[in-house]
Amino acid sequence: MAFAYTPGLRVAAVADIVKTRRLPLKGQVLVKKGDHVKADTVVARTELPGNVKMLNIANILGVPSRDIHELLRIKEGDRIEEKGVLAQSKGLFGKFFKNTVRSPIEGVFESFNEITGQAVLREPPIPVQIDAYVDGVVEEVLPDEGVLVGTHCTFVQGIFGIGGEVRGELMMIVDSPDQEVSPDRITPGCAGKVLVGGSYISNSTLRKAVSMGVKAMVVGGFDDKDLKDLLGYDLGVAITGHEKKGITLILTEGFGRMGMAHGTFDLLKSREGMTASVNGATQIRAGVMRPELVVPLQGSESASVEKGREAGAMDIGSFIRCIRAPYFGRLGRVTALPPELVVVDSEAKVRVLELEFDEGGGKAVVPRANVELIER
Amino acid sequence: MAAREIKSILATDCGSTTTKSILIEWRDGRFRLIRRGEAPTTVEAPAEDVTKGVLNAVGEIEDLEGRQFLNSRKDGVLVSEDDQGVDVYCSTSSAGGGLQMTVAGVVKSMTGESAQRAALGAGAIVMDVVASNDGRLPHEKVADIRRLRPDMILLSGGIDGGTMDHVVELAEIIRAADPKPRFGVGFKLPVIYAGNVEARKPVTDELGDTMELKIVDNLRPVLEKENLGPARDTIHELFMEHVMAQAPGYSKLMEWTGLYEDGKWRNIPIMPTPGAVGKLIETVARQLDIHVMGVDIGGATTDVFSVFDSEGQPVFNRTVSANLGMSYSVSNVLASAGMENVMRWVPFHLDEADLRNRIRNKMIRPTTIPQELEELIIEQAIAREALRLALVQHRELAVGLKGVAQERTIGDAFDQSSSGGTLVDMMALDLLIGSGGVLSHAPRRRQTAHMLIDSFLPEGVTMLAVDSIFMMPHLGVLSEVHPQAATEVFDNDCLIKLGHCVAPAGQVKRGGILAEVKLTMPDGTERTETIEYGKMKLVPLGAGEKAKSEIEPGKGLDVGNGPGKSWTGTLEGGVVGLILDGRGRRPFNLPADDVKRVEKLQEWSGSLDSYPERFLSLGGSR
């Protein structure tokens, strides 16, 4: 077997990508095919049905459900005010000890069920709009649903992230990919920026970044115990993107202290000062989704497009990164792909590759499953 | 072709990460496993065609055997009536994440839970239970349905003749979400409606035009009755028709699987992997008339299968713990079990922050494997908790009668989780089968036995076994076509007996003898072993070797015949041997003190020779 399939994250200096911008419900598309859009251009909008509040009027009044209709002060479809009267009991002699049911919300009295005695109250509709997320061109309109926006950009995928879509100016806050982000680097000048760190950021430093109004942090590694502290719970299934922690965090390498890949660091550095669209949403499942950073390019920067590689064939000479102990994070080049199974330290018999680490770091044998391809 | 003329069979299982192929042939008067091949599954980009992985996996067998099993254009498995290729080709699949469903019910603990049981029983992964009272706002439900992109939705709610509003509102939410199938852009998403009969029309009005709507009998026609059969059958049917057929390359694969009968081609349907494993376990239990449990621990999910008695009749149950697994779901094991519970199985001291980072890194790069012994031991600690939690879930859902018209009392209906009482009885269990990478591919079979015992805590006398190379799915689908071949290969090549485990259950006195075991060994010699409190012991008894035995439990302790009653029978060995477990059951406790806990774990691992001796020097000392 001369090659093997191996995963790899996409890190492309120049790429053409298409982002789907879809409403959560059908609505109105505000742009047309071929339109040039900015990241903050609203491309579609709709109104989500308001939140529902259930209220059991029969229980509150202590009256059989079938008798409620004559006690209702409003009818289905009527607008209601907060604390407005919905129903009132007849009371003693029609005058005394009347019980009143008042609306807990403003909205619409949607329905009443004579069997259960339950009323459905609905709050006013919630307006929702989606923007283009990236500077680009509308390539396709999905009628009543949204658009596909194409952009010519620098595209960097991380391995894990939290938080949703944000935008900001790229700013480097470390000098090398192996440097940790120290609190003193987070200054008021970082407000509204997408910061690029090196190997690690602590939770306290990240919290400082939040307090300074930083939009996003892109860094090599972060501790899982800090993630738990930040989220307030232990993340189970890796489906993220909806967290509201005041910042979007993207890890390019993994958990723990891990130097950012030099290629990624250098590429981001070359884009410093440009506006980046960032999304921390991650889904590690079939149909995997990784967090991303998109820097739309213009004019002379828009050179030829590199064909990105999300997965591919590994061969002798391929550049790889080890993604599991004992060589986690180390880079090297494949020197052999022996076909026979080999017994490793754990006593497991596995397919392996031989590699030579960068800068005379020696040689090693690792399971093929424990490396990923990198682009250089 | 008559069944007895079949001589050569190819079977594949398209898993979420690996496609496994096996070649079975008639040799020396019986069917045997001849070769095994594997290749990465190719449902996802860039290949997006499951058959590519199948061709690669079968191609590996071709290379190893030096014979042709693919047709000359290399675009299909060669099935023929003559000596070319094979006589039968069949396949199972859980690729692309298996069958992923969202279920909806009006009340989460009632119709929501019934819908969940129906979907789980059909082999689905339940991604979300949407209910009118689940605490989410309508637009949040819409967003979740859309985000999770289920393959299918099961909508239930309301008893027949009861209120319709809420179930119709759920239909409104589904319509509003308008989720798109993961595979097959442009196809409608299948929705099964199994709720209040009187709401069929308004539900059809809501969903009929935008979804592939199927209407079946209400799975909760009255409060105290559960009728899961029609919904389950329809899930299976739609899985084949819509989900499988739309997954990349499956329409091609569905044409490949089959055999020639009397000159005519007969297609063999592709079976969902958990369905095939369950079928095999059910068959084994029926043939041998025993109580069986099987567990298949994968990367994303852990399936537990069991056959226990209910009112004198054997009842088969299957549960799928959707988020307990060793790669994609490994972090959820940590979140569900808690760090303390995972760490309690690690036989050396380890910094918690370090362990957390290791587990997370496995989650974000799920296909990596442990290279170092220390990493292997940590993974096996996590596996113990994944298996334990999967068993807890199985106990909760394997209750009452099977399938149609499950009768419950009104009282039970308000407490569904404990309704009916669990059928799982570890003392009655005869055979426990482990399957899945971490169990089937453990470097030492002793590790497999150790993990199974620690997590399932079998009581009394239980045979432990492992699926040698994870081929129960293949044999499950084969049992539909050629039961003899499936049974013979299962007995000879698939099922590896590890040995009997004897574990007295009941309140134990610290430091005492739990039981005395008198053995008449295969060579006629007699020996007496004691099961000591807090100790494990391995008695050499090889595969196929049997010893006549008499077990005398201590006062109040049970080994199968009741507290304090002796047990007479035959104990059988295996590739591990006869395991005597004196660590106690009901409860089983590890020492609370960290130093003593590590000492005990090291002692037990030493008794079973689970790891090479250098494991004693792993981790930091304290």
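**Exercise 1. Locate B:Asp28 in the chain and describe its backbone.**

B:Asp28 sits in the loop that joins β2 (18–27) to β3 (30–40) of chain B, where strands are DSSP runs of E of at least two residues and helices are runs of H or I of at least four, numbered from the N terminus. Turning to the backbone, phi of B:Asp28 is near 50°, a positive value in a residue other than glycine.

The model is predicted, so that local features need pLDDT of at least 70 and side-chain atom pairs count only at pLDDT 80 or more, while totals for chains, interfaces and linings use all residues. Residues are numbered from 1 along each chain as its sequence is written, chains are lettered from A and ligands numbered from 1 in the order in which they are written, and side-chain values use heavy atoms, with hydrogens and water left out.

**Exercise 2. Describe the peptide bond from A:Ala325 to A:Pro326 and place A:Pro326 in chain A.**

The bond from A:Ala325 to A:Pro326 is cis, with omega near 10°. A:Pro326 belongs to the loop between β23 (319–322) and β24 (331–336) of chain A.

**Exercise 3. Work out how helix α3 of chain A and helix α11 of chain B are arranged.**

Begin with the axes, which are lines fitted to C-alpha atoms over the stretch in contact, with angles running from 0 to 180 degrees between N-to-C directions. Those of α3 (residues 224–231) of chain A and α11 (residues 352–364) of chain B come within 8 Å and cross at roughly 85°. The helices α3(A) and α11(B) are therefore roughly perpendicular to each other, the class for angles of 65 to 115 degrees.

Next, list the residues in contact (heavy atoms within 4.5 Å): α3(A) contributes A:Asp224, A:Lys225, A:Leu227 and A:Lys228, and α11(B) contributes B:Ala353, B:Arg356, B:Asn357 and B:Arg360.

**Exercise 4. Characterise the interface of chain A and chain B.**

First, 66 residues of chain A are in contact with 55 residues of chain B. Second, the buried area (the accessible area, for a 1.4 Å probe, that two parts lose on being put together, summed over both) is about 5000 Å², and carbon and sulfur atoms give 51% of this area. Third, eleven salt bridges are counted between chain A and chain B, each being a side-chain nitrogen of Lys or Arg within 4 Å of a carboxyl oxygen of Asp or Glu. A:Arg324 forms a salt bridge with B:Glu379, with the closest N and O atoms 2.9 Å apart.

Methods
Parallel < 35°, antiparallel > 145°, perpendicular 65-115°, else oblique.
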